[in-house]
Amino acid sequence: MTIVRPKYKRTLKFKSWVNKDKKSLAVITAPAKEKGQSFLKEGKNLWNWNPTIHRLIKLPPSMMSQGWMGSDISNDDIMKEFSLEKDYTHHLNGEEYIEGQKCWKIDLMPLAQANVVWGKVILWISQKGFDQMKAEYYDEDLYLVKTHQASQLQKFDDRTLPSITVVIPAEDPDNQTRIQIDKMTFNHPTKANFYTQQNMKRLK
Amino acid sequence: MMILSLAWKNIWRNKKRSLIVMTSVMLGTTAGLFTLGLTYGMVGEKLDAVVYTELSHLQIHQKTFLRHPEITKTLPHVDSIMAFLNVRAEVKTISPHIRITAMGSTSRGNTSLDLLGVDPTSEQALSNLNEHILPGSGHYLNSDEQYPILISDKTAEQLRIKTYTIKLDKTPLPLAITTKLQALNGKRFFTKKKFKRAVSNVLTEKEVSLYGPSLTQAALQYRHHAKIVFTFTDATGLLVSQLFSVCGIFKTDFSGFDEGRAFVLRKDLAKASHLPRNQIHEICVLLHQAEALPTVVQDLKTTFPDVDVQDWKALSPIGEVFSQMMGLYSLMVMGFILFALAFGIVNTMLMAILERTKELGMLMAIGMNRRRVFQLIMSETIFLTLVGAFVGMVLGAALIAITHHTGIYFSSIAEGFQEMGFAAVVYPTIGAQDFIIITLLVILTGILSAIYPARKALKLNPLEAIRTEN
Amino acid sequence: MRELFKLAWRNLWRNKHRTWITLASIFFGVVFSIGMSSLTKGIIGNLIIENIESYSGYLQLQNEDYIDEPSLDNCFTYTKQLHKALTKNANIRAAVPRIETFALASNGNRSQGVRVTAISPTQEKKMANPERFLVRYRLTQQALALLKPLFKEEQKRKDLALYIDHSYTNSQQMLADIGLRKAPLALQKKALQATLFHSNYLTEKDEGVLVSDALAKHLQVLPGDSLILMGQGYQGTNAATLCPIRGIIKVTSPDLDRRLIYIPLATADHFLGMEGHITSLSLNLDHPDRMEETKQELTALLPQGMAIRDWKELTPSLSQQADEGEGERFVILFILYIILFFGIIGTLEMMISERKKEFGMLHAIGMRREKIAKVFATEISLLTLIGLTLGALAGALVIVIGYYHPIPLHGQTAQAYSQMGYSPVITFAWFNDYYWHQLLTIALMVIVATIQPVRHILQLDTLKSLHS
């Protein structure tokens, strides 16, 4: 992940695991100062293990809107990954080409009482691989707030996916977060107690 | 008796002299009254705001809630406490609150604050916050609405709900300016800084200082029914989120109060936080008379020793400091004014004595003894002082009454984009007691000041006095 | 010219009483207005000054973007050259570096959002001086158990319970609370021993921290325990550290007392990944009235990307209070002026009516009205000069005495002041522009007051005046 800011640029490397029960685990592998920190998403909680201080903490509400590791992707975004499914109505609005891929353009409007901050979300899903090629997030007055742009389709394991996703805030285009997937495997078997707090401390 | 009538006649004989002394006394009285009124106005307002907008007279919480608020620290024996308060004649309003610290986010900003779940009816009887709702920004909480929230102007800024959009057709400006701003027409800015920067890029510094404030004012907009999602730990320890929709924006004079609070319906907050029925964190009480406060607090503490009862002074010690300070300040100022007054009277009377040397000499020569002369001078001074004080009292009262109605504006205007610096309005006010005290003090000063000149008069030698050439 | 002067001078000494009285009204006018200006400026001004000098400083050196966006990323490098250049300025009394940020402090499963202020422990003594707020006595359960036997009355023992867990920075306050203020020394000593609390200040390279009192109680930590600090560091890195607690401080603001942590700059640098940068350099001045000038002088020395901010920009609420104070002061001063003005007018009017006969006579023997008026004006001018000079000196004396011997406060007022961290005294403000303004105003008053009397002279009706 590369975090771009007007005054600096920072690159992190990490490994992550996700399972079908929507639990996920991630560990930072570079740079040296951050190496060994791990994150566990389980149910409604996000845990963080820090080897420097040997402590495991549960992220409190006050840290939820902060960017994960200082990026433009908030801890909240990570927790609410699947809200796009349940909190919105979906409406097909035509087709467009993104990065040479033919995509369905889907308009998502939040349900009346959904606990989401967006006024509207537009997704471009590739018809071939069902990959999210582009996403635009709008506020309630339908001003664009941020864009997620995917590119560089690559073969990973048995599938083809965009390897690069860039998050661009509309108001500050000098700020960006760029995630590049180096390697990805699917149906990777994991031990029974993989997604646990104990395991967080052991990950490398 | 003859002395008195003579004194009275003397006063009106030399109108100019008398007028001068009377005017001095009058000024002193008016000045003293007005200074006090001004000071009371300033302090009174601040303290009133603390009680009637912010804290009310007293608050009741679970023992350790204030030191470290947590959702599980609900108030024990709520029903008994309510019952106790309901039968007390001194109590005017009781308002129960749920209080939860939460993180609010919108699509562009986030902030941490205390969510206060209140019942609109009792809360509006308790606090005059609804008078602080900015015109055009909405209205107070309404039980019929879906998850409404009342936030402060400061919060709106932090969450980027406060926006600046230039609408040239709605803003009267000279043609030259509108042409320059054409490119920015309709553009929305989420922070004042960005707005300022954009406008400063097209206008000259002079134009900015001339048109800046009005432009900013016209461009200011609050997003109606803006959505805010609040995240907090619920009663079971889980992280929950709840969407609220902004129904109005308030602004008090305390940015500290503003920043840290937002108001929602108690039933909504109870539902979202999964608090068991009727559990609350605080009870705010407003009394009919502030004087009853110590008694009520004491009784509450004795009857319910295991809860925390605090009056507004303990909750906001700065208010107490401020009123002490102001009390001291006005005392000092009064002292100075009375001193200056005394001085003016002594001086003027001395001059008068000097001027009347011949006249006084004559009086003494025809037989008026020294004691009578002394009494004469004293009586004259007292009369002058009384008349002056009376007129001063009337004038002072009138001045205070007028300014109480119109208010006195202390404002400082800053350059460019800054809003009218800060316009504090003071409404002078004075109690009957202070009124009387001041007037009496002035009269006393007048009398004391007369002693020295009167004694001087006594030292005149009649023969020399008659022959004085001045 | 000289003739006028001679005449005027003689006139003045002819009737001493009259002269003294007139002189006195001018003299006191000056002394009063100077005294009141100084006092009123002092009462409010000093509260503000104490506030500024103990925290933000009059000026602060910051990254130019910091004021709009106070994040760690908007920091700057404080080089030795810059330090040399800045401290050469004669007006700078102290230059104190700091880094300020927010973090999460936790102990076990208790955590709290806190404000972390990284300081140079030695330098900071010149400003916020946290050392003076170290908790030295605490009424813990154990302490109370040891104190109880010292009291014979049951009621007093019960009263002790009211102060459980209270922390104190000085012995006087503690002894006062438990009612041993006037007790014999031996008894006091025992109480002090029982409640003694060990807090230490920080050293430059210390890895430990100072924790505010209410915060320490919430997290249930004591000196010697360790505390976790986590948050966002420089350029978004994850900052986390475990540090020992050296001491507990009791901060006057209750809000701040719940969430303040002091950490030495060297340790913070590592914890936050600051790479030697700081977020602010607070400056205290010897002559605060020359703040604007100093601000400009220092700005000229700065490299690109940095700015000097003054306390009005840094704490606008304090600036508002100051303005409010000024506004009020002005209204009150205005009222005083009116009273003084009438005093002076009164005296001059009297003087004229008293000397009507004299003027009539002078005119009758040939002196022109204009000359009489000129002589009179000269008399007044001389008196004014003398009055102003004497008044200025006396006023100066008042200021000097009032400044070095402030009026002490008592009772509730004193308590309220101390609680907020201010010294419980009323100080007179030191010399400033206002001093000259008063002299000018009084002089102006006299001039204006002289107009009418002079007109009277010029319109003198000789016959009428001779027969007055």
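User: Before we look at helix H11 of chain C, what does it take for a residue to be called buried?

Analyst: A residue is buried when its relative accessible area is under 20%. In this predicted model, helix H11 of chain C, covering residues 265–272, has as its buried residues C:Leu265, C:Thr267, C:Ala268, C:Phe271 and C:Leu272. Viewed along the axis of H11(C), these buried residues fall within an arc of 155°, so they line one face of the helix.

User: What covers the buried residues of H11(C)?

Analyst: The cover includes several strands of chain C, among them strand S3 (92–107), strand S4 (110–119) and strand S8 (226–232), and also strand S9 (238–249), strand S10 (260–264) and strand S11 (277–278). Just after H11(C) comes C:Gly273, which takes a positive phi of about 70°.

User: Turning to another helix, is C:Ala143 buried or exposed, and why?

Analyst: C:Ala143 counts as buried because its relative accessibility is 1%, and its place is in helix H5 of chain C, which spans residues 141–147.

User: Which residues does C:Ala143 contact, leaving aside its neighbours within four places in sequence?

Analyst: With those neighbours set aside, C:Ala143 is in contact with C:Arg138, C:Ala194 and C:Thr195. As for C:Leu196, it lies 53 residues from C:Ala143 in sequence, while the C-alpha atoms of the two are 8.4 Å apart in space.

User: How is chain C divided into domains?

Analyst: Domain 1 of chain C is made of 2–50 together with 319–467, whereas domain 2 covers 57–314; the centres of these domains, taken over C-alpha atoms, are separated by 48 Å.

How values were computed. Residues numbered from 1 in each chain as written. Chains lettered and ligands numbered in written order. Predicted model: local features only at pLDDT ≥ 70, side-chain atom pairs only at ≥ 80, totals over all residues. Heavy atoms only, no water. Helix = DSSP H or I, 4+ residues; strand = E, 2+ residues; numbered from the N terminus. Buried < 20%, exposed > 50% of the residue type's maximum accessible area, 1.4 Å probe, protein only. Contact = heavy atoms within 4.5 Å. Domains from an automatic or database assignment. Arc of directions from axis to C-beta.
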